[in-house]
Structures are given as structure tokens and as C-alpha cells.
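This report goes through the contacts between chains first and then turns to the chain itself and to individual residues. Please keep the sequence and the structure in view while reading.

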Protein chains: 8
Amino acid sequence: MAQPTVGIVMGSDSDMEVMSQVAAQLESFEIPYEMRIISAHRAPRLLFDYATSAAERGLKVIIAGAGAAAHLPGVIAGLTTLPVIGVPIQSGALNGVDALYSIAQMPPGVPVATVSINGARNAAVLAAQILSLADNELLSRLRDFKEKLSLDVQGKDAKLQRLGWRDYR
Amino acid sequence: MAQPTVGIVMGSDSDMEVMSQVAAQLESFEIPYEMRIISAHRAPRLLFDYATSAAERGLKVIIAGAGAAAHLPGVIAGLTTLPVIGVPIQSGALNGVDALYSIAQMPPGVPVATVSINGARNAAVLAAQILSLADNELLSRLRDFKEKLSLDVQGKDAKLQRLGWRDYR
Amino acid sequence: MAQPTVGIVMGSDSDMEVMSQVAAQLESFEIPYEMRIISAHRAPRLLFDYATSAAERGLKVIIAGAGAAAHLPGVIAGLTTLPVIGVPIQSGALNGVDALYSIAQMPPGVPVATVSINGARNAAVLAAQILSLADNELLSRLRDFKEKLSLDVQGKDAKLQRLGWRDYR
Amino acid sequence: MAQPTVGIVMGSDSDMEVMSQVAAQLESFEIPYEMRIISAHRAPRLLFDYATSAAERGLKVIIAGAGAAAHLPGVIAGLTTLPVIGVPIQSGALNGVDALYSIAQMPPGVPVATVSINGARNAAVLAAQILSLADNELLSRLRDFKEKLSLDVQGKDAKLQRLGWRDYR
Amino acid sequence: MAQPTVGIVMGSDSDMEVMSQVAAQLESFEIPYEMRIISAHRAPRLLFDYATSAAERGLKVIIAGAGAAAHLPGVIAGLTTLPVIGVPIQSGALNGVDALYSIAQMPPGVPVATVSINGARNAAVLAAQILSLADNELLSRLRDFKEKLSLDVQGKDAKLQRLGWRDYR
Amino acid sequence: MAQPTVGIVMGSDSDMEVMSQVAAQLESFEIPYEMRIISAHRAPRLLFDYATSAAERGLKVIIAGAGAAAHLPGVIAGLTTLPVIGVPIQSGALNGVDALYSIAQMPPGVPVATVSINGARNAAVLAAQILSLADNELLSRLRDFKEKLSLDVQGKDAKLQRLGWRDYR
Amino acid sequence: MAQPTVGIVMGSDSDMEVMSQVAAQLESFEIPYEMRIISAHRAPRLLFDYATSAAERGLKVIIAGAGAAAHLPGVIAGLTTLPVIGVPIQSGALNGVDALYSIAQMPPGVPVATVSINGARNAAVLAAQILSLADNELLSRLRDFKEKLSLDVQGKDAKLQRLGWRDYR
Amino acid sequence: MAQPTVGIVMGSDSDMEVMSQVAAQLESFEIPYEMRIISAHRAPRLLFDYATSAAERGLKVIIAGAGAAAHLPGVIAGLTTLPVIGVPIQSGALNGVDALYSIAQMPPGVPVATVSINGARNAAVLAAQILSLADNELLSRLRDFKEKLSLDVQGKDAKLQRLGWRDYR
């Protein structure tokens with residue numbers, strides 16, 4: 001695989017079911033990535049090294065997923081000038097609203113680009129949008145992707161008109 | 001001013017007090033921008049034209065602020081491949097939690113990079129981080145910005161050690 | 001079927017299980033309708049055309065269902081003078097509270113008539129109430145409907161008095 | 001004044017500051033209305049009589065505002081086939097979220113068309129949209145209203161382009 | 001059965017699984033009751049008659065359960081001087097928080113004694129506490145009930161000390 | 001003053017502004033009461049003694065107000081068979097929703113009759129409703145109170161009809 | 001077993017599934033403990049005796065778990081100078097957010113050290129951190145525990161690098 | 001001042017008004033402390049050094065206050081075996097509920113002892129309770145503190161009995 005331009009990070013392998021959707025979506029855009037399990041609380045030294053060296057290792061965007069207290073994306077954002085995309089993960093009693101608040105409500109000067117709860121696919125699309133600013137081939141794939149989104153909807157609508165809702169289901 | 005690379009959009013001038021912080025912060029990074037008042041609900045045709053032509057007019061990032069139902073950032077995101085940063089604005093009875101949900105919880109395929117409620121400054125920093133991927137001078141200014149954030153905190157801590165908390169206040 | 005007077009719109013076929021209840025309820029009132037899958041974010045041009053031409057095509061009311069960011073009803077409302085009824089759909093981590101806020105909290109000048117979360121049947125009843133203002137036959141069916149609601153409750157109460165709660169269940 | 005077609009109801013005069021915006025907006029559409037203070041809990045007999053006789057007295061739409069437990073719109077909706085528009089009013093410790101839930105979450109068969117918290121103006125616009133289905137002059141005024149909304153936004157944008165944001169404020 | 005002193009009311013038989021716990025608990029206190037299905041929205045005339053005649057028919061306490069908009073307890077409270085106990089029922093997307101707010105947040109002058117979400121048993125205990133103020137035999141049964149609650153906990157603790165937690169489960 | 005039948009308890013004098021409304025309302029019903037400041041956390045022994053002796057000292061109802069963690073009403077309810085009415089008090093960052101949950105969500109067997117946030121007046125009305133079951137003079141005063149509530153609303157409505165809303169305000 | 005230094009308390013055996021994780025985690029640190037079922041509402045006298053005698057019986061820390069109204073930890077904290085750790089337990093309609101608020105929002109002077117909802121393991125770790133201040137052997141075990149947490153994450157990351165995410169799952 | 005045993009940390013001097021209450025309360029217990037401004041996001045290296053060296057520098061407890069995303073207490077907890085007490089600070093649109101969730105909902109193995117929103121005084125009391133386990137003089141001061149809490153309440157109650165509530169206010 002080519003030199004990764006996106007780093008996918010999660011703090012625990014319990015987040016992998018969601019975060020593997022980032023990887024799958026990046027692959028569909030042919031964006032090389034690396035995926036790591038590094039915890040902000042349980043392996044802080046490793047995270048420190050990972051985030052501070054990310055830019056020089058060639059990463060352009062970091063996508064971090066976390067549930068509950070969900071400090072991972074924000075801690076990374078404090079350690080790099082790369083754009084950091086945060087994926088709040090639905091887990092536990094508060095169902096991800098805790099993660100959404102913790103990832104979005106960052107203090108002045110240290111933003112995290114927050115997507116929807118469990119919005120792993122969208123994190124990958126956002127990374128593609130960012131990278132496509134300097135990559136015309138990727139921009140072209142991204143346009144195809146958006147076109148396909150539209151065609152899918154149109155196809156479903158056509159099917160609905162053809163079958164009616166009782167047979168559609 | 002140079003050709004704008006960031007478009008700042010709001011749906012109403014009631015959002016300008018918050019959104020002007022985006023402009024001020026972009027200026028500190030020497031990032032050229034344009035600022036527009038275009039409503040998703042009250043001027044949808046104009047918004048349609050604005051968003052679909054944004055990339056060809058040279059914009060790289062769009063920052064949209066909105067309160068309450070806050071559809072503006074998401075509607076723009078449906079009309080362009082540019083990264084769209086959404087600023088939930090604190091207003092009305094729900095205090096911005098409605099805007100946060102409406103901006104962050106976008107459907108698959110159409111992300112909005114959500115920052116904190118009233119996080120206008122951070123939207124500008126995030127735009128700078130994205131643009132700095134292909135602009136070394138901006139990257140240098142961004143590093144200075146982060147360094148200054150750190151020095152400010154250190155300066156306050158030094159003052160606290162010197163004065164004690166009773167005199168600090 | 002007669003010329004539709006109600007347009008039922010959803011952004012994704014994942015909403016069809018709920019939104020088909022609108023159709024079924026409208027049928028019971030003998031109100032002709034059309035049902036479409038058109039996304040505000042993935043097929044915005046189509047939605048633009050659909051909503052701006054709705055009145056001239058004979059529609060009187062539009063019922064739009066959406067979950068999560070749930071921009072669909074509001075975007076339609078910005079494009080037509082027809083009354084738009086919004087159905088917040090329960091989905092994802094926030095369970096529909098995001099959709100409720102996004103649909104109800106519309107800005108001044110552009111209302112959406114919001115019903116309960118998953119309140120698809122009620123959206124149809126509300127449409128019938130609106131249409132019955134100029135349709136005495138429909139008004140008569142609506143009165144029968146309300147009478148039947150009352151009789152159903154009375155029937156259940158009578159059964160409860162007859163059987164007692166232990167046997168009722 | 002002409003025979004009222006819209007009934008504005010509130011349970012307490014503490015809601016009049018918000019609900020008088022309904023009246024003002026209806027007047028701008030030249031829609032005749034009546035305004036009443038009738039409480040669901042403190043004057044239930046009067047409310048019963050008011051709501052059950054509303055249609056035969058010529059009303060077409062009822063707009064009811066209420067805060068906190070906010071039962072008024074729903075109770076009226078149980079007593080008439082007229083469309084009932086509910087305005088959740090911001091008041092007390094829960095800031096209107098209690099009223100929003102209580103008005104929107106009506107049971108099957110008895111909808112209330114809920115607008116935003118304190119959305120009194122929008123309730124009037126929605127009533128106008130409903131009444132315009134059978135009133136071409138009103139439809140024309142409604143189109144002017146929507147056009148003016150758009151022109152206002154465009155005017156503000158033009159002013160912003162002329163002055164820049166520093167002078168705009 | 002003796003003349004009922006407690007009226008149990010629900011608006012729909014979907015609430016009977018919860019509300020039958022009221023009946024069972026009242027039976028354990030030997031408190032005669034009646035149970036009715038009467039909807040505030042679908043059978044308002046019946047509810048009006050039921051609530052206004054409750055005191056003269058010998059009822060002392062009314063226990064009303066409702067989910068979602070949950071207007072039933074409050075509407076009854078507006079129609080009688082009897083104490084009304086409200087049971088918020090867990091249902092739908094908001095899981096009962098809508099019902100809790102709608103039942104508890106009553107306006108000045110018209111209280112509803114709200115118990116916990118799904119707290120049907122506790123509604124019966126509260127009714128027993130109220131009735132025991134003028135019924136020494138019931139007071140004695142209530143004291144036995146509270147004593148038994150305490151002994152149950154003590155018995156479980158004793159078992160835990162004997163078995164340890166691994167075997168207790 | 002006569003032998004108190006209602007005990008008003010609060011944990012701190014910061015709650016007195018709200019809880020004095022209980023006293024004023026009870027006085028209007030001529031219900032004798034006592035008012036105490038006893039904290040569940042800071043004076044638990046005193047609270048223990050107060051609650052366990054309340055019934056034998058002649059109290060019939062205890063009304064306890066508390067904000068934030070708001071354990072006071074529930075702790076009292078565990079120590080007596082008297083009905084306990086809880087008043088959640090609006091205070092601190094969570095604005096009383098913490099107190100509402102803590103007072104309403106009592107475990108099986110130990111109910112607290114919860115009124116609205118800051119619903120001190122309603123707590124007194126509820127106590128009057130309970131006491132009126134065995135006190136016909138009080139019942140008569142309570143009926144006058146409810147009648148007056150209704151007349152007040154009617155008076156305001158009459159004034160509104162006379163003046164119109166512009167002059168009413 | 002040695003003299004207990006930690007008391008684990010719950011109000012009902014329905015909390016044992018969660019609270020037994022406290023015990024298991026304490027055992028892994030070789031911290032002697034006792035576990036009791038004592039309810040604040042159903043056995044208040046026993047709780048009073050338990051908490052007031054805890055320090056003299058040799059306990060150093062009390063860990064109390066509770067759901068819903070969740071008064072147990074706070075009531076204990078009012079009766080002892082020992083540090084009290086509260087575990088909000090996920091249960092009922094509000095899913096533990098009620099318990100979190102009730103345990104965390106204690107009034108001035110009477111803190112409860114609140115951990116996450118269902119955070120029973122963490123309550124034990126916190127107790128170990130407190131006890132390790134005066135117990136070097138425990139401190140050593142605690143360091144091993146933290147080291148192991150880190151090694152576990154590193155092991156998972158190594159496995160992910162070796163297998164890739166498709167095979168990891 | 002003696003060698004500090006408590007470290008008070010905040011990320012910004014905007015938190016000092018709240019966090020200085022920690023210092024004042026610790027002084028009343030004669031507990032030596034240090035107070036630092038170190039940001040998890042803006043000065044992560046300094047925080048890393050501070051937290052990893054805290055134990056060897058003689059600190060026994062760390063009290064960290066933070067608002068909004070509020071990562072500070074949790075990040076410190078990942079870097080030390082000392083007990084960390086977190087103070088959620090009320091700020092911004094979400095009023096501190098974001099900070100409460102972010103501080104309390106820590107992942108397994110890394111607890112933060114969370115106190116109430118703005119509960120700075122209580123953080124100091126909790127630290128005193130922890131330190132008093134090995135410091136009998138402090139334990140004595142803590143007992144005096146709790147005794148004084150109780151006497152304050154009793155004094156207020158006595159004043160209320162003497163004056164009545166009308167004169168008390």
C-alpha cells in the first residue's frame with residue numbers, strides 16, 4: 001500500500017466495528033491509510049509520540065473515534081496542526097451524546113471536526129473532501145461518489161413509482 | 001483583497017456577532033475570505049447558486065453558521081464537494097443544542113465538520129489547518145498560533161505563581 | 001387514482017416503514033396522494049424542482065418525514081407556500097430527538113407543522129383536517145374517524161368492565 | 001372586523017406577549033381572528049364549549065399557545081376536527097422543552113401542528129398557508145410575504161458586501 | 001367488591017400492563033378500586049363526566065397513567081378537587097421523559113402528584129398513604145408493608161453474608 | 001396557631017424564597033403548618049427524629065423542597081407512612097431537572113408526590129386536596145379556590161375582549 | 001479474609017450484577033472488603049448504623065451503587081467522614097442519567113466521588129488509588145495494573161498491524 | 001507554606017473564579033496546595049510533565065477543573081496513580097452538562113472522582129476526606145467542619161422558629 005495520508009485511531013478495539021467503516025470508505029476512494037489502537041488514557045506516551053510525529057510521517061488528516069468521555073480526538077488535536085476529524089461512538093448508558101459533547105465542545109484554538117454519532121463513513125468522506133483540494137483524481141472519484149449517491153436515491157424513487165409502497169417493502 | 005479561499009455564510013444578520021469572529025480569525029492567518037448572508041429557507045435559489053458555483057469560483061472551504069433548525073451548513077454540503085464547516089449558534093430556548101444536533105447528525109455521504117456551539121474562532125482555525133496542507137506559509141503561521149496559545153497559558157501560570165490566586169483575580 | 005392532493009416525501013427508503021403509514025391513513029380517508037423518495041442532501045436539484053412545482057401540479061399539502069439532521073421538511077417549506085407537515089423519524093443514537101428539534105425549530109417566516117416522533121398516521125390526519133376545510137365529504141369521513149376513535153376507547157372500556165383487568169390482558 | 005377565521009387561544013395572560021405576535025402577523029395577512037384566554041385546567045367547561053363550537057362559528061384554524069405542561073392545544077384538538085396549531089412557550093425551569101414535548105407528542109388520531117418554541121409568528125404563517133388553499137387573494141399576500149423574506153435577506157447581504165462586517169454591525 | 005375509593009384511569013389499553021400493577025398493589029392493601037379506559041383526547045366528554053362526578057360517586061383518589069403527551073392526569077385534575085396521582089408511562093422515542101414533564105409541570109393551582117416513570121406500584125402506595133390518614137386499619141396494613149420492605153432487604157443482606165456474592169447470583 | 005397538620009421542610013435557607021410560597025398558600029386555606037430547616041446530609045440525625053415522629057406529633061402531610069441532588073423528600077418518605085410531597089427547586093447549572101429526577105424517580109415502595117419545578121404553591125394545594133378528604137370546611141375553601149381560579153381566567157378574558165390585545169398589555 | 005477496608009453497599013440485589021464488579025476488581029488488588037445490601041429508603045435505621053460506625057470498624061472507603069433516585073451514596077456521605085464513591089447504575093426509563101445527576105450534584109460540604117454510569121470497576125480502582133497513598137504494596141499492584149492496561153492496548157495494536165482490520169474482527 | 005499535598009490544576013484562568021474556592025477551602029483545612037494553569041490541549045507537554053511527576057514531588061491528590069469538552073481531569077488521570085478529583089465547570093451553551101459527562105464517563109481503568117458542577121468546595125472536602133485517612137489532625141478538623149455544617153443548619157432553623165418565615169427573609 002502507498003504511504004498513508006490518513007491516520008485512523010481508536011482507543012479500544014471495541015470501537016473497531018464502527019471505525020472499520022472509515023477504512024472501507026477510504027479504500028473506495030483509493031486513499032491510503034493506517035489504522036491504530038492507541039488510548040489517550042491507557043497509553044498516553046504512545047499517543048503523544050504518534051500525534052506529534054504524524055505530520056512529518058506524511059499524514060494529512062487524522063480520524064479518531066471514541067465513545068463516552070471520548071477525549072482521544074481532542075487530545076490528538078492538541079498535539080498536531082493536522083486537521084483532526086472526530087467520530088463520536090454510540091456506547092454505554094448515554095448512547096453517544098456524551099461523546100458528541102466531549103468531541104465537539106473543544107476550547108478556543110483547538111478544533112475537532114466532529115461528524116455524527118457513529119458517522120464513520122462520513123469521517124472518511126470529509127477526509128476525502130479535504131484531500132481532494134490538492135488531488136484532482138480524488139476530486140473526480142469524490143464527484144462520482146456524490147453522483148452515485150444521487151443516482152441511488154433516484155433509482156429507489158423510480159422503483160417506488162413502479163411498484164408502489166406496498167410491493168416496495 | 002486576494003481571491004477568497006474561504007466562504008463564510010450565515011442565514012441571518014442576527015448570527016453576525018458570532019460569525020464575524022470567523023472573519024477576524026481568518027484575517028489573523030492572512031486567509032482571504034468572503035462573507036455572505038444567504039438563507040437556506042428564505043433565499044434557497046441564491047444558496048443553490050452560491051454553493052454549486054463555490055468550487056469553480058476558487059473557494060476551498062465553506063464555513064456556515066446557523067442556530068435553531070440550522071439547516072444551512074447541511075444544505076450547502078449537499079451542493080458541493082468542498083469541505084463544509086458548521087458552526088452551531090447559541091440562540092433561542094434550546095440554547096444551541098438544537099443547532100448542534102442538526103449540524104452534526106448529517107446522513108451518510110454528506111458530512112459537515114461540526115465545531116463547538118458558538119465555536120466561530122475554531123471554525124477558522126480548522127479551515128486554516130485544512131488549507132495549510134498545501135500552503136507552507138500558512139502552516140508556519142498556524143504553528144506560531146499554536147505556539148502562542150501555549151505561551152499564553154504559560155504566561156498566565158507564571159503570573160499565578162508570582163502573585164498567588166488572591167492577587168491574580 | 002385521482003390527481004394527488006398530498007405529496008409524501010422521504011429522503012431514504014429506510015424511512016418507508018414509518019412513512020407508509022401516512023399513505024395507508026390517507027387511503028382510509030380516500031385522499032389521493034403521491035409518494036416520493038427525494039433527498040435534500042443527495043438529490044437537491046430534484047427536490048428543488050419537486051417542491052417549487054408542487055402547487056401548480058395540484059398538491060395542497062406536503063408531508064415530509066426525516067430522521068437525524070432531518071432537513072427535508074424545512075428545505076421543502078422554503079420552496080413552496082403549501083403547508084408542509086414534518087414527521088420526525090426515530091433513528092440512530094439520539095432516537096429522534098434530533099429530528100424533532102430540527103423539524104420544529106424553523107426560523108421566522110418558514111414554519112413546518114411538526115407532529116410527534118414517528119407520528120406518520122397523525123400527519124395524515126392533520127392533512128385530512130386541512131383538506132376538509134374545503135371538502136365536506138372528507139369532513140364527514142373525518143368526523144366518522146374521530147367518532148370511531150371514541151367508540152374504540154369505549155369498547156375497550158366496556159370489555160374491561162366485563163372481564164376485569166386480569167382476564168383483559 | 002370580519003367574521004374571524006382563526007381562533008387564538010392561550011391559558012393565561014402571561015402568554016400574551018408571545019401570542020400577540022400571532023395576532024400582529026395575521027393582521028398583516030388581513031386574516032380576521034379572535035383572541036381568547038381560556039385555560040384547559042382552570043376553565044375546562046369554557047374550553048369545552050369553545051372548542052366544540054368553533055367550526056360552526058366559522059373558525060377554520062385554531063392556534064393555541066401554552067408553556068410547561070402545555071395541555072391546551074392537545075385538549076382543543078380532541079374536541080374539534082379543525083386543524084390546531086400549537087405554540088410551545090418558553091417559560092419556567094425547563095425553558096420550553098417541556099411544552100414542546102407535550103404539544104408535539106400527541107397520541108394517534110389527534111395531531112397538533114407544532115411550531116417552534118415561541119414560534120408565534122410562524123403559527124400565523126402556517127395558518128395563512130392553510131387558509132390560502134381556498135383563498136387566492138391570501139395566497140397572493142403569502143407569496144408577497146415570502147418574496148419579502150427573500151428580499152430582506154438579499155438587502156442585508158448587499159449591505160454587508162457594501163460595508164464589510166466591521167461597519168455592518 | 002366494596003364501593004371503590006380509588007379510580008384508576010388510562011387513555012389506552014396499551015398502558016394496561018403498567019397500570020394493572022396499581023390494581024394489584026391496591027388489592028394487597030384491600031383498597032376497593034375501579035379501573036377505566038377513558039381518553040382525554042379521544043373521549044373527552046366521557047372523561048369530563050367521569051372526573052366531575054368522581055367525588056360524589058365516593059372516590060377519594062384518582063390515579064391516572066399516560067405516556068407521551070400524557071395530558072390525562074392534568075385534565076382530570078382540572079375537573080375535580082380530589083387528589084390526582086399521575087403515572088408517567090415509558091413509551092415511544094422519548095422513553096417517558098415527555099410524559100414525566102407533561103404530568104409534573106402543571107400550572108399554578110392544579111397540581112398532579114407525580115410518581116416515577118412506570119411507577120404504578122408507587123402510585124398505589126401513595127394512594128394508600130393518603131387514605132390511611134382516615135383509616136387506621138389501612139394504616140396498620142401500610143406499616144406492615146413498610147416493615148416487610150425492610151425485612152426483605154435485611155433478608156437479602158443476610159443471604160449475601162451467608163453465601164457471598166459469587167454464590168448469591 | 002392550631003396544631004400543625006402540615007410540615008414544611010427544606011435543607012437550606014436558600015430554598016426559603018420558594019418554600020415560603022407553600023406557607024402563604026396553606027395560610028390562605030387556613031391549614032396550620034410548621035416550617036423547618038433540616039438537612040438530609042448536614043443534619044441527618046435531626047431529620048431522622050423529625051420524620052419518624054411526624055405522625056405521632058399530629059402531622060398529616062409533609063412537604064419537602066430541595067434542589068440539585070434533592071434527597072430530602074425521598075429520605076423523609078423512607079422514615080414515615082405520611083404522604084410526602086416533593087418540590088424540586090430550580091438551582092445551579094442543571095436548573096432543577098436534577099432535582100425533578102431525584103425526587104420523582106423513587107424506588108418501589110417509597111413514593112414521593114412530586115410537583116412541578118418550583119411548584120411550591122401547588123404543593124400546598126395538593127396538601128389541601130389530601131386534607132379535604134376528611135375536612136368539609138377545607139373542601140369548601142378548596143372549591144372556592146378552584147372557582148376563583150376559573151373566575152380569574154374569565155375576568156382576564158373579558159378584559160381582553162373589551163380592550164383588545166394592544167391595550168391589554 | 002482480612003479486616004475489610006472497603007465497604008460496598010447497594011440498596012437492592014438488582015444492583016448486584018454491576019456492583020459485584022467492584023468486588024472482583026478489589027480482589028485483584030488484594031483489598032479486603034465487605035459487601036452489604038442496605039437501602040436508604042427501605043432500611044434507613046440500618047443504613048444509619050452502618051454508615052456512622054463505618055470508620056470505627058476500620059473501613060477507609062465506602063463504595064455505594066444506586067440507580068434512579070439513587071440517594072444511597074449521598075445519604076451515607078452525610079453520615080461519615082470517610083470518602084464515599086458513588087456508582088450511578090443504569091436502570092429504568094432514564095437509563096442512569098437520573099442516578100448520575102442525583103449522585104454527582106451533592107450540596108456544599110458533602111461530596112460524593114462519582115464515577116461513570118455502571119463504572120463499578122472504576123470505583124474499585126479509585127478506592128485502590130486512595131488506599132495506595134498509605135500502602136506501598138498496593139501502590140505497586142496499582143502500577144502493575146496501569147502498566148497492564150497499557151500493554152493490553154499495545155498488544156491489540158500490534159495484532160491489528162499484523163492482521164489488518166478485516167482479519168482482526 | 002509547607003510542601004503541597006494537593007495540586008489544583010485548571011486549563012484557563014477563566015476557571016479561576018470557581019477553582020479558587022478549592023484553594024480557600026483547603027486553606028481552612030490547613031492543607032498545603034499548589035495551583036497551576038496548564039492546558040491539556042494548549043500546553044500538553046507541560047501537562048504531561050506535571051502529571052507524571054506529581055507523585056514523586058509529594059502530591060497526594062490532584063484536583064482539576066474544566067468546562068465544556070473538559071478533558072483535563074481525565075488526561076491527568078491517565079498519567080498518574082494519584083486519585084484525581086474532577087470539577088465540571090459551568091460555562092458556555094451547555095451550561096456544564098458537557099463537562100459533567102466528559103469528566104464522569106471515563107473508560108475502564110482510569111477513574112476520575114467527579115463532584116458536582118461548580119462543586120469546587122466539595123472537591124476540597126473530598127481531598128480532605130482522602131488525606132484524613134492518614135492524618136488524625138486533619139480528621140479532627142474535618143469532624144469539626146461537619147459538626148459546623150450541622151450547627152449552621154440548626155442555627156438557621158432556630159432563627160426560623162424564633163422569627164417566622166416572613167421576618168426571616
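## The contact between chain C and chain E

In this predicted model, chain C and chain E bury about 1,500 Å² between them, and carbon and sulfur atoms give 63% of that area. On the side of chain C, the residues that lose the most area to chain E are C:Val153, C:Asp157 and C:Trp165, which together account for 35% of what that side buries. The contact brings 16 residues of chain C together with 19 residues of chain E.

Charged and polar groups also take part in this contact, since three salt bridges are counted between chain C and chain E. A salt bridge joins C:Lys156 to E:Asp13, with the closest N and O atoms 3.5 Å apart. Between chain C and chain E there are also ten residue pairs in polar contact, with both residues of each pair at pLDDT 80 or more. Helix α6 (residues 136–168) of chain C gives the most to the side that touches chain E, contributing eleven residues, and the side of chain C as a whole is made up of seven nonpolar, five polar and four charged residues.

## How chain C and chain E are related

Chain C is superposed on chain E, with an RMSD of 0.0 Å, by a rotation of 90° with 0.0 Å of shift along its axis. This is the relation of a four-fold axis.

## A buried serine in chain E

Where in chain E does E:Ser20 lie? Its place is in helix α1 (residues 16–28) of that chain. E:Ser20 has 3% relative accessibility and therefore counts as buried, the cut-off being under 20%. Leaving aside residues up to four places away in sequence, E:Ser20 touches C:Trp165 and C:Arg169 in chain C, as well as E:Met35 in its own chain. C:Trp165 has already appeared above, as one of the three residues of chain C that lose the most area to chain E.

## The contact between chain A and chain B

Chain A and chain B bury about 3,100 Å² between them, with 61% of the area coming from carbon and sulfur atoms. Three residues, A:Thr81, A:Pro111 and A:Leu133, supply 21% of the area that chain A buries against chain B, which is more than any other three residues supply. The contact takes 39 residues from chain A and 39 residues from chain B.

How many salt bridges does the rule find across the interface of chain A and chain B? The number is zero, although 18 residue pairs are in polar contact between chain A and chain B, both residues being at pLDDT 80 or more. Several elements of chain A each supply at least two residues of the side that touches chain B, namely α4 (97–104), β5 (113–114), α5 (120–131) and α6 (136–168). By class, this side of chain A holds 26 nonpolar, nine polar and four charged residues.

A turn of 180° with a shift of 0.0 Å along the axis lays chain A on chain B with an RMSD of 0.0 Å. That is the relation of a two-fold axis. Of the interface residues of chain A, 100% are also interface residues in chain B, so the copies meet through the same surface.

## The fold of chain A

Chain A contains six helices and five strands, and from the N terminus on its elements run β-α-β-α-β-α-β-α-β-α-α. Taken along the principal axes, the C-alpha atoms of chain A fill a box of roughly 60 × 40 × 30 Å. Of the 169 residues in chain A, 69% are buried. Among contacts in chain A between residues at least 6 apart in sequence, 65% join residues that are at least 24 apart.

## Helix α2 of chain G

Helix α2 (residues 44–52) of chain G has as its buried residues G:Pro44, G:Leu47, G:Phe48, G:Tyr50 and G:Ala51. The partners against which these buried residues pack lie in two chains: α2 (44–53) belongs to chain F, while β1 (6–10), β2 (33–37) and α3 (72–77) belong to chain G.

## Chains that do not touch

Chain A and chain D do not touch, and their nearest C-alpha atoms are 17 Å apart. Chain E and chain H likewise do not touch, with their nearest C-alpha atoms 17 Å apart.

Methods: Residues are numbered from 1 along each chain as its sequence is written. Chains are lettered from A and ligands numbered from 1 in the order in which they are written. This is a predicted model: local features need pLDDT of at least 70, side-chain atom pairs count only at pLDDT 80 or more; totals for chains, interfaces and linings use all residues. Side-chain values use heavy atoms; hydrogens and water are left out. Contact means heavy atoms within 4.5 Å. Buried area is the accessible area (1.4 Å probe) that two parts lose on being put together, summed over both. A salt bridge is a side-chain nitrogen of Lys or Arg within 4 Å of a carboxyl oxygen of Asp or Glu. A polar contact is a pair of N or O atoms within 3.5 Å; within protein, one must be able to donate a hydrogen and the other to accept it, and residues adjacent in sequence count only if both atoms are side-chain atoms. Helices (H or I, at least four residues) and strands (E, at least two) are DSSP runs, numbered from the N terminus. Ala, Val, Leu, Ile, Met, Phe, Trp, Tyr, Cys and Pro count as nonpolar, Asp, Glu, Lys and Arg as charged, and the others, Gly among them, as polar. Buried means under 20% relative accessible area, exposed over 50%, partly exposed in between (1.4 Å probe, protein chains only). Copies are superposed by least squares on the C-alpha atoms of residues with pLDDT of at least 70 in both.
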